[in-house]
Amino acid sequence: MFFKLLIRNPQAVIGMSIMAFFIVISLAAPIIAPYDPEARVGLPHEAPSSEHLFGTSRMGRDVFSQVLYAGQISITVGITAGLITTFIALATGLSAGYFGGRIDEVITFATNVILVLPQLPLLLVLAAFLGEVSPALIAFIIGVTSWAWGSRVIRSQTLALREKEFIKAAELIGEPARRIIFIELLPNLISIIGSGFIGAVIYAVMTQATLEFIGLGDPTSISWGTMLYHAQTSSAIYVGAWWDLLVPCVAISLFGASLALLNFAVDEVANPKLRAKGALRRYKRMLKRGEVKA
Amino acid sequence: MQFFARRLSFYLVAFLIAATINFFLPRIMPGDPLAIMFGPQMARMSPETIDAMRDTFGFSDAPLIQQYFQYVVNVFQWDLGVSTKFFPKPVSEVLADGLVWTLFLVGSSTIISFLLGSILGLLAAWFRGSIFDSLATPGALVMQSIPSVVICLVALIIFGIGLNWLPTGYGYDTSLDPQWTFEFAGSVLKHSILPIGTLVVFQMAGFLIPMRANMINLLGEDYITMGRAKGLSGSRVMFTYGARNALLPSMTTLAMALGFVVGGSFITEVVFNYPGIGYIMFQAILARDYPLVQGHMLIFTMVMLTANFLADLLYVVLDPRVRHGGEA
């Protein structure tokens, strides 16, 4: 049912296709990429040509091959950080909402504190002290610092669900807390968890690019962020090598946009009030043709 | 009053936690924390300065808890040590210079995007299902998911370098003296168009999307139907009946958004070499000037907490339920 609604939603279809496209081409990078991404295969800053589809970088590396391989790392970091974020958000949000009392107080306090601390400066301080942080470490620090918002949303939804009759009934017949949480509550939270996860992936991809762009990442790894970093430090735009900067920019933007579209669609599918759009349009069309009266 | 006392004590604790993170970071890294903090710059500093720095950050042989206490007292006195990059300027002074610029950028772009985003969100909800709605809403979402690095770089390539319409760096024309003249103000304004513009693009969706969702939920309420049934004009129902209530949750978003903008403004300042604290932070990171990096986090925590407090105040003004002592 859920999937069927998703398929009928044009935004979801566009989003999913772009996302699938990116995942496939990054996974198939070893087959598609014409050159080794780390090898010097041309002159510095060669313009795009049939030989080098997206030109070459300052180091004479093939930008097209690089962007494919970079996708592997950037997408992996995004998904890993998203999983960590979602897991912590789910664990804290569910326990705070379901158990209440002391547990709730402690978790809510921690959540509120993290929400008022500035995220990026906190990440910058962490990354600066850690030195040149590897992609795995980036995924980890993004994951453990960005769960607060999701946790708050899941907690409030759990609180609302807790008051519903089916939960009360489950408690009355003596179902253990474990069963109530995983069998009764969790399925009702799926859409929130799903959109929270997609949001976390978007955030992680963006943040990774930001951290690496300013030079806090490991410059020897190949990701969209380090591509931006190398392009910027070799002043690519000032010497007119726009492709060097624009290609990773477009990759990040398209991937982020595809996830955003998907997220928008998930929201619409999960919230019938927001979904009324298609029906409204049909209604207006019918009005125009005089099939119904206002 | 009790509401404010509770919020203020919460902010105090939050600030203390930020300071605590700063305190422990150099200490949990492997190696000598003093060497980590001041690293290669130590050779350039006189023994007296090193002693003073040791004092500020609480590096001593005393037990950890005493070191911590010493550090916290210094932070609350706004003694953040000396910058190693802008030696011998104290960190607090370096940051104060940049803060004006950053507040100018963040403040004006937030106000512009709040107004623009709320109005567009309102219209999208009102004309739900129209072409405007199905373009503006997903469009805003897509904009929001593009990192500010990309937005800034693309704006720089197009308007700064490609078309050469606008200056590409710094806060004002450096050949002018910073004075209260029209020429200088004009130069500041001209240099701020690109940074503020990119920040607005980056932020607007954050106001448009919630506004639209709130408004759609409100449009089903009885009092809206009632307003229409009374024969009130559409715009009156839209603004005084709908918008006023839909705006309330946006206020909390406003405070939350500021945290996000802080990130955005950092990148904007780096890309456009804008002399705010973001750019100073960037230079501090490049030079591994840890006292300055830490001071940056503390000052941004202060900005965030102040913004949250202002949001609390606004909430009280706008929501009578909170004003009359109820729970928020």
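Me: A residue is buried when its relative accessible area is under 20%, exposed when it is over 50%, and partly exposed in between. In this predicted model, why is A:Glu175 called buried?

Reply: The relative accessibility of A:Glu175 is 17%. The limit for buried is under 20%, so A:Glu175 counts as buried.

Me: A:Glu175 forms a salt bridge with A:Arg179. What makes this pair a salt bridge?

Reply: The closest N and O atoms of A:Glu175 and A:Arg179 are 3.4 Å apart. The cut-off is 4 Å between a side-chain nitrogen of Lys or Arg and a carboxyl oxygen of Asp or Glu, so the pair qualifies. The partner A:Arg179 is partly exposed, because its relative accessible area of 38% falls between the two limits.

Me: Which residue forms a salt bridge with A:Glu171, and how do you know?

Reply: The partner is A:Arg162, with the closest N and O atoms 3.2 Å apart. That distance is within 4 Å, so the pair is a salt bridge. A:Glu171 has 28% relative accessibility and is therefore partly exposed.

Me: Why do A:Glu105 and A:Arg102 count as a salt bridge, and how are they placed in helix H5 of chain A?

Reply: Their N to O distance is 4.0 Å, and the definition accepts pairs within 4 Å, so they are counted. A:Glu105 and A:Arg102 are three residues apart in helix H5 of chain A, which means a separation of about one helical turn. A:Glu105, at 54%, and A:Arg102, at 66%, are both exposed because each value is over 50%. Over all chains the structure holds five salt bridges.

Me: How many salt bridges are there between chain B and chain A?

Reply: The count is zero. One residue pair, both at pLDDT 80 or more, is in polar contact between the two chains. By class, the side of chain B that touches chain A has 44 nonpolar, 12 polar and four charged residues.

Me: How is the contact between chain B and chain A described in residues and area?

Reply: The contact takes 60 residues from chain B and 48 residues from chain A. The two chains bury about 4700 Å² between them, 80% of it on carbon and sulfur atoms.

Me: What makes A:Phe109 and B:Phe10 an edge-to-face pair?

Reply: The ring centres are 5.9 Å apart and the planes stand at 85 degrees. Centres within 6.5 Å make a pair, and an angle over 60 degrees makes it edge-to-face, so both conditions are met. A:Phe109 lies in helix H5 of chain A and B:Phe10 in helix H1 of chain B, so the pair joins two chains. A:Phe109, at 36% relative accessibility, is partly exposed, whereas B:Phe10, at 11%, is buried.

Me: Why is the pair of B:Phe10 and B:Tyr11 called tilted?

Reply: The centres lie 5.8 Å apart and the planes are at 55 degrees. That angle is neither under 30 degrees nor over 60, so the pair is tilted. B:Tyr11 is buried, because 6% relative accessibility is under 20%. Ring pairs link A:Phe109, B:Phe4, B:Phe10, B:Tyr11 and B:Phe309 into a cluster.

Me: How do you know that B:Asn245 is partly exposed?

Reply: The relative accessibility of B:Asn245 is 40%, between the limits of 20% and 50%, so the label follows. B:Asn245 is in helix H10 of chain B. Not counting residues up to four places away in sequence, B:Asn245 touches B:Leu218 and B:Tyr223.

How values were computed. Residues numbered from 1 in each chain as written. Chains lettered and ligands numbered in written order. Predicted model: local features only at pLDDT ≥ 70, side-chain atom pairs only at ≥ 80, totals over all residues. Heavy atoms only, no water. Contact = heavy atoms within 4.5 Å. Buried area = accessible area lost by both parts, 1.4 Å probe. Polar contact = N/O pair within 3.5 Å; in protein donor to acceptor, adjacent residues only side chain to side chain. Nonpolar A, V, L, I, M, F, W, Y, C, P; charged D, E, K, R; others polar. Phe/Tyr/Trp six-rings, centres within 6.5 Å; stacked < 30°, edge-to-face > 60°. Helix = DSSP H or I, 4+ residues; strand = E, 2+ residues; numbered from the N terminus. Buried < 20%, exposed > 50% of the residue type's maximum accessible area, 1.4 Å probe, protein only.
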